[in-house]
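Visitor: I am new to this structure and would love a close look at one part of it. Could you start with the second largest pocket and then lead me onward from there?

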Amino acid sequence: MKRFCLFFMILGSLSGIAQDFDEKIKMEVRKAAENIKEFVAIPNDAKDHSSVMRNISWLTKQFTSRGFNTAVIPTEGEPLFFAVRPMVEELPTILFYMHFDGQPVDPTQWNQKNPYEVVLKKEENGKWIEEDWSKLNENIDFETRLFGRSVSDDKGPIVMLLSALDLLKQEKKKIPFNIKVILDGEEEKGSKPLPDAVKKNRELLAADFIIINDGPVHASEKATLVYGCRGITTIDITTFGPAKPQHSGHFGNYAPNPGFQMAQLLASMKDSDGRVIIEGYYDGITLDAQTKEVLNSVPDDELAIQKRLSFKTPEKVGANYQESLQYPSLNIRGLSSGWIGEQARTIVPDKATAAIDIRLVPESDGERLKGLLKKHIEKQGYYITSSEPSNEQRQKYDRIAYIKESPVTPPFRTAMNNKYAVWAENVLTELHGVSPVKIRIMGGTVPTAAFINTLNIPAVIIPMVNPDNNQHSPNENLKVKQIAYGIRTFYSLLSTQPPKF
């Protein structure tokens, strides 16, 4: 009987501790919401240097007050913000990467006066209704959302980290590893200065593992662990007709039409099921049974995806959505020739341009794929030039393709059995009671391959925000529930012993 009573006393005590911790989480959520509001009030378009520096001033104050040493790392573009806790030599070091810049805003497209003034909203009958901010001080409705530019991408996660640090201090928890934080000031512009900055600051940034906190959790809203992301490069192709647009009545059966040339050229690159038929494009990519098992374990609702995007049948690059991400893409992101709509005119255009992006996987080299693409274009009878063709070239060659390329942002993928990746998976499993959704490689590009390749260390992405957050779009938002999720996740990561060297 005494043992029975003792058991219930212990159970009651544990329940009380859990309730107390939940109340502390709620307090941190309220404080985090206020911090997000304050942080977002500082505009963060990377095109405006003064705004970038004001954000860095805010970050310096926040991290310094929590015991970090901070520095501003100059680059050829906008500077990086760096913070580090006093180092302990025998401990492993984890580097956290996020960004504080955001996409530009068009206030006319937002359902609030100022996208940089965070508002609280609740959904009622399919519409988002603004709530009084003071409601956060009452019994928190975790389904309400904060609306404002960068609340989710990526200022919200930065504040979640700060809140988790505060909670650890309250709980008198020691962090069992060294922490470095690097925050990018122009991620939304492509982070072009980042690779060179990492090389120049290799010793300062040295770490054993990188955790990237960007992007949304899986559409199922379950905890998500991403092991890599695709890289990207672009190539613009322009075909040519007459030197100037010509009257289509006079020259419609005579002057070559660059629009038809472009259409035929693009059609030669893929089959009717969307697979690239350029020779060698998918070389080196194999999906074994174990990999397919991992891909099939992701709880994608493909019918829901197709319904949301309003198409009937997906392309046949891979057997499902996750398999499609394991191959390099060839995407026409824009087409231009002549005029359309009210500006349409009856002419033979002088040129046609196709803007193409190629998403890369670790097995595919961006320069090699662009080389294969150019070789394919030559096989279609085109003379390739890297500048606008001269009149002499126009009269010498029947078909000319002017090609303009961008640099390559490499992909990365960490092995799922990497000891740090296993540690991160175990932390998420312990926190949520079930294994996280494991994404082998995500479709988008995070410009952190520079850290991984230069520092020669593994990385994972641990997203913190809701999947329907409208990042990059008007009415970007962050579920209050996700603030609590992020604080708990950072708290668990920061209080769990990682692997030894």
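Guide: Happily! In this predicted model, the second largest pocket has a volume of about 270 Å³. Its lining is made up of Asp288, Gln290, Thr291, Val294, Arg413, Thr414, Ala415, Met416, Asn417, Lys438 and Arg440. Helix H8, which spans residues 289–296, contributes the most to that lining, with three residues. Sorted by class, the lining of this pocket holds three nonpolar, four polar and four charged residues.

Besides pockets, there is enclosed space to look at. Rolling a probe the size of a water molecule over the atoms shows where empty space is left. The structure holds one cavity of 30 Å³ or more, and the volume of the largest cavity is about 40 Å³. Around the largest cavity you will find Thr75, Glu78, Leu80, Asp184, Glu186, Ser191, Pro193 and Leu194. That lining divides into three nonpolar, two polar and three charged residues.

One of those lining residues, Asp184, leads us to strand E7, which covers residues 178–184. Seven of the seven residues of E7 are buried, so this strand is largely enclosed by the rest of the structure. In a regular strand the side chains alternate between the two faces of the sheet. Both faces of E7 are covered: Asn178, Lys180, Ile182 and Asp184 are buried on one side, and Ile179, Val181 and Leu183 are buried on the other. E7 pairs with strand E2 (residues 80–84) in the antiparallel sense, over four bridges. Within that pairing, Phe82 has Ile182 of E7 as its bridge partner. E7 also pairs with strand E3 (residues 93–99), here in the parallel sense and over seven bridges. Ile94 has Ile179 of E7 as its bridge partner.

Let us move on to an open sheet of four strands, whose order is E5-E4-E6-E21, with antiparallel pairing. Its edge strands are E5 (127–131) and E21 (477–479), each of which pairs on one side only. On average, neighbouring strands of this sheet are turned by 40° against each other, direction ignored. Strand E4 (residues 119–124) and strand E6 (residues 145–147) run antiparallel and are joined by three bridges. If you look for Leu120, you will see that it stands opposite Leu146 in E6.

Helix H15 lies across E4, E6 and E21, and it runs at about 65° to E21. Thr489 belongs to H15, which covers residues 480–494. Is Thr489 buried or exposed? Thr489 has a relative accessible area of 1%, and buried means under 20%, so Thr489 is buried. Leaving out residues up to four places away in sequence, Thr489 touches Leu428, Leu431, His432, Ile462 and Met464. For a sense of scale, the C-alpha atoms of Thr489 and Lys37 are 21 Å apart, while the two residues are 452 residues apart along the chain.

Another open sheet has five strands in the order E13-E15-E11-E17-E16, with mixed pairing. Strands E13 (331–336) and E16 (383–385) are at its edges; each has a single partner strand, so one side of each is left without a neighbour in the sheet. From one strand to the next, the twist averages 25°. E13 pairs with strand E15 (residues 351–360) in the antiparallel sense, over five bridges, and Ser336 stands opposite Thr353 in E15. Helix H7 (residues 258–267) lies across E11 (231–240), E13 and E15, and runs at about 140° to E11.

Last come a few details of the backbone. The peptide bond from Asp153 to Asp154 is cis, with omega near 20°. Asp154 is in the loop between E6 and helix H3 (155–170). Glu221, a residue other than glycine, has a positive phi near 70°. It sits in the loop between strand E8 (209–212) and strand E9 (224–226), and at 30% relative accessibility Glu221 counts as partly exposed. His472, also a residue other than glycine, has a positive phi near 75°. Its place is the loop between strand E20 (459–461) and E21, and with 40% relative accessibility His472 counts as partly exposed.

How values were computed. Residues numbered from 1 in each chain as written. Predicted model: local features only at pLDDT ≥ 70, side-chain atom pairs only at ≥ 80, totals over all residues. Heavy atoms only, no water. 1 Å grid on protein atoms, 1.4 Å probe; cavity = no way out; pocket = protein on both sides within 12 Å on 5 of 7 lines; lining within 4 Å. Points joined across faces, edges and corners; volume = space filled by probe spheres on them. Helix = DSSP H or I, 4+ residues; strand = E, 2+ residues; numbered from the N terminus. Nonpolar A, V, L, I, M, F, W, Y, C, P; charged D, E, K, R; others polar. Buried < 20%, exposed > 50% of the residue type's maximum accessible area, 1.4 Å probe, protein only. Contact = heavy atoms within 4.5 Å. Pairing = 2+ DSSP bridges. Axes fitted to C-alpha atoms, helices over the stretch in contact; angles between N-to-C directions.
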